[in-house]
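Q: Please take a close look at a single part of this model, the nonpolar patch on its surface. Which residues make the patch, and what surrounds them in the rest of the chain?

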Amino acid sequence: MEVLAWVGLVVSWLLVVLVVKFVFLVLRVVKQTRRLAEMSRDAAVHLAENVSDIDAFAQLELVAGQLADAVRGLPRGAAAARPRVSSVSPGLGGRFS
(Lines give C-alpha, C1' and ligand atoms only; values in the text may rest on other atoms or scores of the structure.)
Protein backbone atom coordinates (compact mmCIF):
# COMPACT_ATOMS: atom_id res chain seq x y z
CA MET A 1 0.00 0.00 0.00
CA GLU A 2 2.87 2.35 0.77
CA VAL A 3 4.34 1.87 -2.73
CA LEU A 4 1.03 2.79 -4.28
CA ALA A 5 0.93 6.00 -2.22
CA TRP A 6 4.43 6.97 -3.36
CA VAL A 7 3.57 6.29 -7.00
CA GLY A 8 0.44 8.40 -6.66
CA LEU A 9 2.46 11.21 -5.06
CA VAL A 10 5.09 11.18 -7.83
CA VAL A 11 2.44 11.09 -10.56
CA SER A 12 0.56 13.97 -8.95
CA TRP A 13 3.75 16.05 -8.77
CA LEU A 14 4.44 15.34 -12.44
CA LEU A 15 0.92 16.42 -13.32
CA VAL A 16 1.34 19.63 -11.29
CA VAL A 17 4.57 20.39 -13.17
CA LEU A 18 2.78 19.74 -16.47
CA VAL A 19 -0.10 22.05 -15.53
CA VAL A 20 2.33 24.81 -14.48
CA LYS A 21 4.14 24.45 -17.84
CA PHE A 22 0.83 24.81 -19.70
CA VAL A 23 -0.05 27.88 -17.62
CA PHE A 24 3.25 29.52 -18.56
CA LEU A 25 2.67 28.61 -22.20
CA VAL A 26 -0.79 30.21 -22.15
CA LEU A 27 0.58 33.31 -20.40
CA ARG A 28 3.26 33.68 -23.08
CA VAL A 29 0.62 33.52 -25.83
CA VAL A 30 -1.56 36.05 -23.99
CA LYS A 31 1.45 38.37 -23.64
CA GLN A 32 2.19 38.12 -27.37
CA THR A 33 -1.47 38.72 -28.19
CA ARG A 34 -1.49 41.85 -26.02
CA ARG A 35 1.67 43.10 -27.70
CA LEU A 36 0.13 42.52 -31.14
CA ALA A 37 -3.02 44.38 -30.06
CA GLU A 38 -0.92 47.33 -28.88
CA MET A 39 0.97 47.37 -32.19
CA SER A 40 -2.32 47.27 -34.11
CA ARG A 41 -3.69 50.11 -32.00
CA ASP A 42 -0.59 52.24 -32.65
CA ALA A 43 -0.75 51.48 -36.36
CA ALA A 44 -4.42 52.47 -36.47
CA VAL A 45 -3.66 55.75 -34.69
CA HIS A 46 -0.85 56.57 -37.13
CA LEU A 47 -3.02 55.59 -40.09
CA ALA A 48 -5.80 57.86 -38.86
CA GLU A 49 -3.29 60.71 -38.56
CA ASN A 50 -2.06 60.10 -42.11
CA VAL A 51 -5.48 60.03 -43.76
CA SER A 52 -6.83 63.04 -41.90
CA ASP A 53 -4.73 65.48 -43.95
CA ILE A 54 -7.01 66.47 -46.87
CA ASP A 55 -4.44 68.88 -48.35
CA ALA A 56 -1.99 66.02 -48.80
CA PHE A 57 -4.61 64.05 -50.75
CA ALA A 58 -5.24 67.06 -52.98
CA GLN A 59 -1.51 67.29 -53.72
CA LEU A 60 -1.39 63.55 -54.36
CA GLU A 61 -4.20 63.90 -56.88
CA LEU A 62 -2.26 66.59 -58.74
CA VAL A 63 0.89 64.45 -58.84
CA ALA A 64 -1.09 61.39 -59.99
CA GLY A 65 -2.61 63.46 -62.79
CA GLN A 66 0.89 64.28 -64.06
CA LEU A 67 2.00 60.65 -63.85
CA ALA A 68 0.49 59.62 -67.21
CA ASP A 69 2.51 62.26 -69.08
CA ALA A 70 5.69 61.23 -67.27
CA VAL A 71 5.19 57.57 -68.17
CA ARG A 72 4.66 58.41 -71.84
CA GLY A 73 8.12 60.00 -71.90
CA LEU A 74 9.90 56.82 -70.78
CA PRO A 75 11.80 54.65 -73.30
CA ARG A 76 9.61 51.98 -74.87
CA GLY A 77 11.78 48.91 -75.47
CA ALA A 78 13.86 46.64 -73.29
CA ALA A 79 16.89 47.50 -75.44
CA ALA A 80 16.50 51.20 -74.65
CA ALA A 81 16.50 50.49 -70.92
CA ARG A 82 19.34 47.92 -70.97
CA PRO A 83 22.68 49.18 -69.65
CA ARG A 84 25.62 49.21 -72.02
CA VAL A 85 27.98 47.52 -69.54
CA SER A 86 28.03 43.73 -69.21
CA SER A 87 29.35 43.72 -65.63
CA VAL A 88 29.68 46.16 -62.78
CA SER A 89 33.18 44.98 -61.95
CA PRO A 90 35.89 45.29 -64.65
CA GLY A 91 37.83 42.49 -62.94
CA LEU A 92 34.99 40.03 -63.60
CA GLY A 93 34.94 40.45 -67.32
CA GLY A 94 33.15 43.74 -67.63
CA ARG A 95 33.33 45.05 -71.17
CA PHE A 96 31.83 48.10 -72.75
CA SER A 97 29.57 47.46 -75.72
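A: The mean pLDDT of this predicted chain is 83, and 78% of its residues reach a value of 70 or more. Confidence varies along the chain: among its elements, helix 1 has the highest mean pLDDT, 94, whereas helix 3 (residues 78–81) has the lowest, 58.

The chain contains 3 helices and 0 strands, and from the N terminus onward its elements follow the order α-α-α. Of its 97 residues, 0% count as buried. The chain exposes about 9,400 Å², and carbon and sulfur atoms supply 69% of that area.

Against this background the patch may now be examined. Nine names belong to it: Trp-6, Leu-9, Trp-13, Val-16, Val-19, Val-20, Val-23, Phe-24 and Leu-27 together make a nonpolar surface patch of about 920 Å². One of these residues, Val-23, serves as an example. Val-23 is placed in helix 1, which comprises residues 2–51. Its relative accessible area is 41%; because this value lies between the 20% limit for buried residues and the 50% limit for exposed ones, Val-23 is classed as partly exposed.

Charged side chains also deserve attention. The structure holds 2 salt bridges. In one, the side chains of Arg-34 and Glu-38 meet at 3.4 Å, from N to O. Arg-34 and Glu-38 are about one helical turn apart, because 4 residues separate their positions in helix 1. The partners differ in exposure class: Arg-34 is exposed, with a relative accessible area of 59%, while Glu-38, at 30%, counts as partly exposed. In the other salt bridge, the side chains of Arg-41 and Asp-42 meet, again at 3.4 Å from N to O. Asp-42 has a relative accessibility of 36%, so it counts as partly exposed.

Helix 2 follows and completes the picture. Helix 2 covers residues 54–72, a total of 19 residues. At 1.5 Å a residue, helix 2 should span 27 Å; its end C-alpha atoms lie 29 Å apart, so the expected and computed values agree. Helix 2 nevertheless has a kink of about 30 degrees, centred on Gln-66. Helix 2 is also hardly covered, for the count of buried residues among its 19 residues is 0.

In summary, the patch of about 920 Å² includes Val-23, a partly exposed residue in helix 1, and helix 1 has the highest mean pLDDT among the elements of the chain.

Technical notes. Residues are numbered from 1 along each chain as its sequence is written. This is a predicted model: local features need pLDDT of at least 70, side-chain atom pairs count only at pLDDT 80 or more; totals for chains, interfaces and linings use all residues. Side-chain values use heavy atoms; hydrogens and water are left out. Patches are made of residues with over 30% relative accessible area and no salt bridge: like charges are joined within 9 Å, nonpolar side chains (Val, Leu, Ile, Met, Phe, Trp, Tyr) within 5 Å. Accessible areas come from the Shrake-Rupley method with a 1.4 Å probe; for residues, only the protein chains shown count as cover. A salt bridge is a side-chain nitrogen of Lys or Arg within 4 Å of a carboxyl oxygen of Asp or Glu. Helices (H or I, at least four residues) and strands (E, at least two) are DSSP runs, numbered from the N terminus. Buried means under 20% relative accessible area, exposed over 50%, partly exposed in between (1.4 Å probe, protein chains only). The expected span of a helix is 1.5 Å times one less than its number of residues. The bend at a residue is the angle between axes fitted to the seven residues ending there and the seven starting there. pLDDT is the predictor's confidence in each residue, from 0 to 100.
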